[in-house]
Amino acid sequence: MNSLDLPGRPADTRVVVAMSGGVDSSVVAGILAREGYDVVGVTLQLYDHGAATHRAGSCCAGRDIDDARRVSEKLGIPHYVLDYEERFRKAVIDPFAQSYVAGETPIPCVSCNQTVKFADLLETARDLGAAALATGHYIRSGANGAHRALFRPVDADRDQSYFLFATTQEQVDYLRFPLGGMSKPQVREIAAELGLSVADKQDSQDICFVPQGKYSEMIARLRPGSAEPGDIVHIDGRVLGRHEGILRYTIGQRRGIGVASGEPLYVIHLDADRARVIVGPREALDTRKVFLRAMNWLGDEDLASIGPGGIELFAKVRSTRPPRPALLRREGAAVWVELAEGEAGIAPGQACVLYSDDSNEARVLGGGFIQRSERSAAAEAMLERLSAAPAHATAE
Ligand SMILES: Nc1ncnc2c1ncn2[C@@H]1O[C@H](COP(=O)(O)OP(=O)(O)OP(=O)(O)O)[C@@H](O)[C@H]1O
């Protein structure tokens, strides 16, 4: 076995490296080439330089492709650029816009990993005769019996496991993440050692195709008519003001709601059907039960064997939060997580990612997209009253 846990000598082992033109994936290609693997670099063109959907110089526009090409030349490896624009638009950008319009808070990085990178690109890697597809994601994988398992990376500040929960067992077995055991400063050092032109390149930020956090403008452009104005309604039924489109709001948001009030107000619910933003006190955000859809299970026990009694694990309901104690339960087709302590700001469309424990070495057990969450009985009753009331009742 070699450093990638692949049978055979590195020289006889082809590995495709997904190269974004950033320092991380460039170092992956550099390390593997230095170890003597038969490395093939592949860069996906995901959106066009100058197109309305991205900012100049962002990931996989012209400059990044040039960077990946330059690194490949320096390393002496073959490099291919594949045009995935159409697939990226259909599989990532369109569902992202649709999800926002439906009042959700989507995570496009998950759908990108799930579809474009680990389905289409993975297929291409197999077609190229590669024994593995390696990326610059910060997550660890290691042998687990006849399969592989995912673990949080050594560099906790860079942990990307939240965005990789939907990786299937078959994909986990084929993928390799050589940076899982390294810190970002170490990665930059290696880039400098290898003389890579991207050694000091800035990290990519946020969502690659959204111009500097301008979500609502971009979605309004992609989905004309979606920024429908509506009422800002207190959970107790009072209309407090007007808004310029629910896609400008996120559940749990406190600042910039646009209404004056004596009490601190938070966005509690986004009612896409009636274009209403429901606001209320912080207690109304407290959630203990989260229902999941598109569940991906990576644990050793069979998901079907997890009954209503459930199993104890740790769940992370937002990318910035730590994993917290929870119970995963299942009954028929319904899968849900019960959080030991209430959490606020749980938004449909985000992920609920499951871990073995809350340590930095925790195993990633999969997860699902948050379909809906259940708040306190009082808050649920108020929301129900609001949705049962005729549309005009709140506007009086
Ligand atoms: N357009 C692309 N073409 C090929 N691979 C890509 C592309 N975008 C991202 N990747 C792969 O997915 C990994 C994670 O992507 P992410 O956007 O999180 O990049 P990152 O952590 O900033 O890494 P990098 O420094 O390599 O850009 C990258 O390291 C790379 O292996």
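This report walks through a few spots in a predicted model.

## The two annotated cysteines

Let's start with the record. UniProt, in an unreviewed entry, lists C112 and C208 under "active site". The pair spans 97 residues in sequence, yet their C-alpha atoms are no more than 10.7 Å apart, so they gather at one spot.

Their settings can be taken one at a time. C112 sits in helix α4, which runs over residues 108–127. C208 is found in a loop, the one linking α6 (184–193) to α7 (215–222). With a relative accessible area of 9%, C112 is buried. C208 comes out at 19%, and it counts as buried because the cut-off is under 20%. Setting aside residues up to four places away in sequence, C112 touches F88, V92 and K117.

## How α3 packs on α4

The helix that carries C112 also has a partner to look at. Helix α3 covers residues 85–101, and its axis comes within 9 Å of the α4 axis, with a crossing at roughly 165 degrees. That makes the two helices roughly antiparallel. As for handedness, the crossing of α3 and α4 is right-handed.

Who makes the contact? From α3 it's R87, F88, A91, V92 and F96, and from α4 it's P108, S111, C112, T115, V116 and D120. Sorted by character, the residues of this contact come out as 7 nonpolar, 2 polar and 2 charged. So C112, listed by UniProt under "active site", is also one of the α4 residues in the contact with α3, and F88 and V92 of α3 are among the residues it touches.

## F177 and its neighbours

Now for a phenylalanine. F177 lies in the loop between β7 (175–176) and α6. Is F177 buried or exposed? F177 is buried, at a relative accessible area of 7%.

Leaving out residues up to four places away in sequence, F177 touches F118, T135, H137, I139, S141 and L150. M382 is another story: F177 and M382 are 205 residues apart in sequence, and their C-alpha atoms are 47 Å apart in space.

## The C-terminal annotation

One more entry comes from the record. UniProt (unreviewed again) annotates residues 289–370 as "domain: tRNA-specific 2-thiouridylase MnmA-like C-terminal". In the model, that span is 56% strand and 0% helix. The C-alpha atoms at its two ends lie 10 Å apart.

Terms used: Residues numbered from 1 in each chain as written. Predicted model: local features only at pLDDT ≥ 70, side-chain atom pairs only at ≥ 80, totals over all residues. Heavy atoms only, no water. UniProt positions renumbered as here; feature names shortened; annotations may be inferred. Helix = DSSP H or I, 4+ residues; strand = E, 2+ residues; numbered from the N terminus. Buried < 20%, exposed > 50% of the residue type's maximum accessible area, 1.4 Å probe, protein only. Contact = heavy atoms within 4.5 Å. Axes fitted to C-alpha atoms, helices over the stretch in contact; angles between N-to-C directions. Parallel < 35°, antiparallel > 145°, perpendicular 65-115°, else oblique. Left-handed = near helix turned anticlockwise from the far one by under 90°. Nonpolar A, V, L, I, M, F, W, Y, C, P; charged D, E, K, R; others polar.
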